[in-house]
Each structure stands twice: as C-alpha cells, then as structure tokens.
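The following exercises are to be worked through with the sequence and the structure at hand. Each task is followed by a solution in steps.

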Amino acid sequence: MSTKGLEGIVATESSISSIIDDQLTYVGYKIDDLAEQASFEEVIFLLWNKRLPNKEELNKLQQELAANMSVPDEIIAHLKSYDLSTVHPMAALRTAVSMLGLFDEEADVMEQEANKRKALRLQAKVSTIVAAFARIRQGKDPVSPKENLSYAENFLFMLNNKRPENVEVEAINKALVLHADHELNASTFTARVCVATLSDVYSGITAAISALKGPLHGGANERVMKMLTEIGEVDNAIPYIKEKLENKEKIMGMGHRVYQNGDPRAKHLRKMSKELTHLTGQSKWYDMSVKVEEYIKAEKGLPANVDFYSASVYHSLGIDHDLFTPIFAISRVSGWLAHILEQYDNNRLIRPRAEYVGPKGQTYVPIEQR
Ligand SMILES: CC(=O)SCCNC(=O)CCNC(=O)[C@H](O)C(C)(C)COP(=O)(O)OP(=O)(O)OC[C@H]1O[C@@H](n2cnc3c(N)ncnc32)[C@H](O)[C@@H]1OP(=O)(O)O
Ligand SMILES: O=C([O-])CC(=O)C(=O)O
C-alpha cells in the first residue's frame, strides 16, 4: 500500500534541523533562541558547518558573502529582456539561478570543497537577483551591494536604494533566520532528490526554487496577503472565511503536514506583525489575521504556519506581495545548500516505488485500427 504524499515516511537521516514534539531546532539549537539572538549569517554558518562560528569566522563569512553578491551583467540583461509585468519573480529567480550555473566555471566540479565555494557564491547572489528584478520592473537601475553591510541590510539596500532603518533590518534578519531550514519539506526533498543523481548544486537549487513556488508550500505567503486584501476590513474576516470553508477552499497560511499544535515560527512572526503593523499605522492587517487564525483553529483545529503572519510583516515593510516567496527562497537557499552538501557527503540515489493501479494485460492495436 502506498502512502499518499509520503506522510510520515522517514526518507533520510540528517543532522541539520529537527522537528520533535512540535519543537524546531537547527543543529540542536532552539529556533526561539536563534530567532531572538542570531544573525542570518550565523545561521548560514551553523547549517553549513553544523556548529556556531566564532567572531573571526563570522566576520569572514559576512565579508565573503558581501564580496560575492554581484551577479554577471548578462543576468541583469536577461532580466531586462522579459515583460516583467507578467513574469512572476519566482519564475525569474528560478531561471536566473539556473543561468548562474552557466557563468560558474566550477559548476560541474563535484569535489566537496568546490561545492562549498559554489554554495557561498549562490547564497550571496540570490538576494541580488531578487532585488534587481524588483527594481528593473519599476523602471529603475539595479543597485550594487555594499561590502560593509550585513546580508539583511544589503538586501533592503539593493531593493530600495537607501540605508534601511534598524527596525527593518531586524525584521528581515529575523524572517531570514526563521525560514532558513525545515527538515525534509517539499523543496528540500526536491533538492536532495535532484543532487542524489549526482547532478550539480545549481540544478538542485533550481529544482528546489521550483518546488517552493507552489501555493501549498512557499507560495502560500503571497496568497495570504491576497486573502487579507480581499477581506479588506476586520469585520469581514469571519463571513469571508466561513464562505471559503463552505466551498471547501483551503485557507492559505493555515495547516501543516508535521505540526499538529502549532508552528513554533508563527509566534515570532505574529509578534513582529503586531509590532510592525502598529508602527506603520496598519494594525488592521494584524487584527484581521488574528480573527482568521482564531476562527480556523476553532472550526478546523488547524494552526497558523510560517507563511501566515509573514505576509503582514512583509506588507508592513512596504514589500511587493509577489516578492514574499522570493524572500522565503533567499533564506531557504541556505538550508537547501546544507542539505545538498549533506546529501553529497553520504549519497545514494533516491528512487522510491509506485504502486501500479492502471490497466493490465492490454493488447496493442495498430493505429489504423483504432
Ligand atoms: C512553508 C510551508 O510550506 S507551510 C505550508 C504552506 N501552505 C499553506 O499554507 C497552504 C494551506 N495549507 C494546506 O494546503 C495544508 O495544510 C498543507 C498542504 C500545508 C498540509 O496539508 P496535508 O498534510 O497534506 O493535509 P491535507 O491537505 O491532506 O488536508 C487534510 C484535511 O485538512 C483540511 N485542510 C488542511 N489545510 C487546510 C487549510 N489551510 N484550510 C482548510 N482546510 C484545510 C483539508 O481540506 C483536509 O480535509 P478533509 O480531510 O476533510 O478533506
Ligand atoms: O516543512 C514543511 O512541510 C513546510 C514548511 O513549513 C517549511 O518548509 O518551512
């Protein structure tokens, strides 16, 4: 008997992140501690090296990331060649990351040290691609990264061409920390399946971006904001959700395959949403979200997931709604790369079976007789 959606199947061993009894840890460190205290660069180091960096190692990683953020001019030219009013930024990111591989002389060098160098270059460049896309479609020039800025600061600087406020940097840094890794979620599994054929790092990340894009996974955060916009006012929230449930529609940002009692990342994003929407005079998005969350919890027993409150957080930072999933991707690239490196370290082809339920014993009829 097959298990639909591979629910509950343990498909690999990993020492990167764990979800045990609804608690999430990265390499054994609680997500709550990391969310409150760590920089995104520290988390990248942790996921890739399975230990926290010392000050010197952290400075070195920060400098290397900042120094590798520029992307080839050909990729910028390529982004300029689309009709960006119709292209989704996740599609553009997927294609641009695939293109990055064409400009990396080491793309098909399979030694682990080369894979680590590619991981650094890729992580550095993804935020530049997302920011460049956002600016080009507004008819503006891309902004070059600055070597003395942190990863979160650089992303906001490249997006808006101005030094971000501390509160914005802290919010983006925390969001990047919270989204960095999550055990064997669909996109991470995709990355591992891809590179387990001994395909290259760029192929693995391109495949993972493709999986994250879907609305049942990372694509949900953009849909949450679409839903909140449709609801419009706090008083409309419950009638709107009632109707959706009556029509058997799914409520985006709610439910999770693994968490039964709640996603431990959601409370951090809920708090950020409360603070940031208040600060920007847009509390209605938070109030509306709370109403939806409480109603779905009571009616369906479903908890909010990481995508639910991230929507109102990014909205309060003035970020375009279709950039929400690319921001998730910028962070998750760090986790995908950790899993890709781990997969190469102890590889075996991933090839499950399917239970055949189609017709049997058919007789081939030549086309002229059909
Ligand atoms: C970063 C992330 O990927 S977090 C997840 C992001 N995705 C979303 O927020 C999309 C909305 N949520 C969902 O679609 C689901 O909860 C998933 C895909 C996340 C996990 O779902 P699964 O474990 O596969 O559960 P499945 O989709 O089979 O649902 C089980 C039951 O709960 C219901 N259900 C699950 N999620 C929801 C939801 N968000 N709204 C309404 N009903 C839901 C299903 O309709 C189904 O009901 P039924 O048994 O009466 O048919
Ligand atoms: O683990 C999952 O299935 C989805 C998820 O929350 C994530 O990828 O962060």
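**Exercise 1. The surroundings of ligand 2**

Task: Which residues are around ligand 2, and how do they divide by class?

Solution. In this predicted model, the residues around ligand 2 are H182, N185, R257, V258, N305 and V306. Sorted by class, this shell comprises two nonpolar, three polar and one charged residues.

**Exercise 2. The annotated active site**

Task: Locate the residues that UniProt lists under "active site", and determine for H256 and for D307 whether the residue is buried, partly exposed or exposed.

Solution.

Step 1. The unreviewed UniProt entry places the feature "active site" at H256 and D307. These positions are spread over 52 residues of sequence, yet they cluster in space, with a largest C-alpha distance of 10.5 Å.

Step 2. H256 is found in the loop between α12 (237-246) and α13 (266-279), whereas D307 belongs to helix α15 (residues 306-316).

Step 3. A residue is buried if 20 or more other C-beta atoms lie within 10 Å of its own, and exposed if 12 or fewer do. H256 has 19 other C-beta atoms within 10 Å and is therefore partly exposed. D307 counts as buried because it has 29 C-beta neighbours inside 10 Å.

Step 4. Leaving aside residues up to four places away in sequence, H256 touches D263, P303 and N305. With that same exclusion, D307 touches A220, N221, V224 and G253. N305, a contact of H256, is also one of the residues around ligand 2.

**Exercise 3. Two domains and their contact**

Task: Into which domains is the protein divided, and which elements give two or more residues to the side of domain 1 that touches domain 2?

Solution.

Step 1. The division is into domain 1 (14-213 + 322-345) and domain 2 (220-316). Their centres, taken over C-alpha atoms, are separated by 26 Å.

Step 2. Across the boundary, 18 residues of domain 1 are in contact with 20 residues of domain 2. On the domain 1 side, two or more residues are given by each of β2 (23-26), α1 (31-37), α8 (166-179) and α16. The largest share of this side, six residues, comes from α8.

Step 3. By class, the residues of this side of domain 1 are 11 nonpolar, three polar and four charged.

**Exercise 4. The largest nonpolar core**

Task: How many residues does the largest nonpolar core have, and which of them have the most contacts inside it?

Solution.

Step 1. The core has 107 residues, and V43 and I205 have the most contacts inside it. Helix α16 (residues 324-345) provides the largest share, 11 residues. Domain 1 and domain 2 each contribute at least three residues to this core.

Step 2. Apart from residues up to four places away in sequence, V43 touches Y26, L34, A38, V177, A180 and S334.

Step 3. As a general tendency, nonpolar side chains in soluble globular proteins are buried together.

**Exercise 5. Positive phi outside glycine**

Task: Where do K50 and N161 lie, and are they buried, partly exposed or exposed?

Solution.

Step 1. K50 has a positive phi near 60° and is not a glycine; N161, likewise not a glycine, has a positive phi of about 55°.

Step 2. K50 lies in the loop between α2 (40-49) and α3 (55-67). N161 is in the loop between α7 (151-160) and α8.

Step 3. K50 is partly exposed because 14 other C-beta atoms lie within 10 Å. N161 has 13 C-beta neighbours inside 10 Å, so this residue also counts as partly exposed.

Notes: Residues are numbered from 1 along each chain as its sequence is written. Chains are lettered from A and ligands numbered from 1 in the order in which they are written. This is a predicted model: local features need pLDDT of at least 70, side-chain atom pairs count only at pLDDT 80 or more; totals for chains, interfaces and linings use all residues. UniProt positions are given in the numbering used here, feature names are shortened, and annotations may be inferred rather than shown by experiment. Helices (H or I, at least four residues) and strands (E, at least two) are DSSP runs, numbered from the N terminus. Two residues are in contact if their C-beta atoms, placed from the backbone, lie within 7 Å. A residue is near a molecule or strand if its C-beta atom, placed from the backbone, lies within 6 Å of it. Ala, Val, Leu, Ile, Met, Phe, Trp, Tyr, Cys and Pro count as nonpolar, Asp, Glu, Lys and Arg as charged, and the others, Gly among them, as polar. A nonpolar core is a set of buried Ala, Val, Leu, Ile, Met, Phe, Trp, Tyr and Cys residues joined through C-beta atoms within 7 Å. Domain bounds come from an automatic or database domain assignment.
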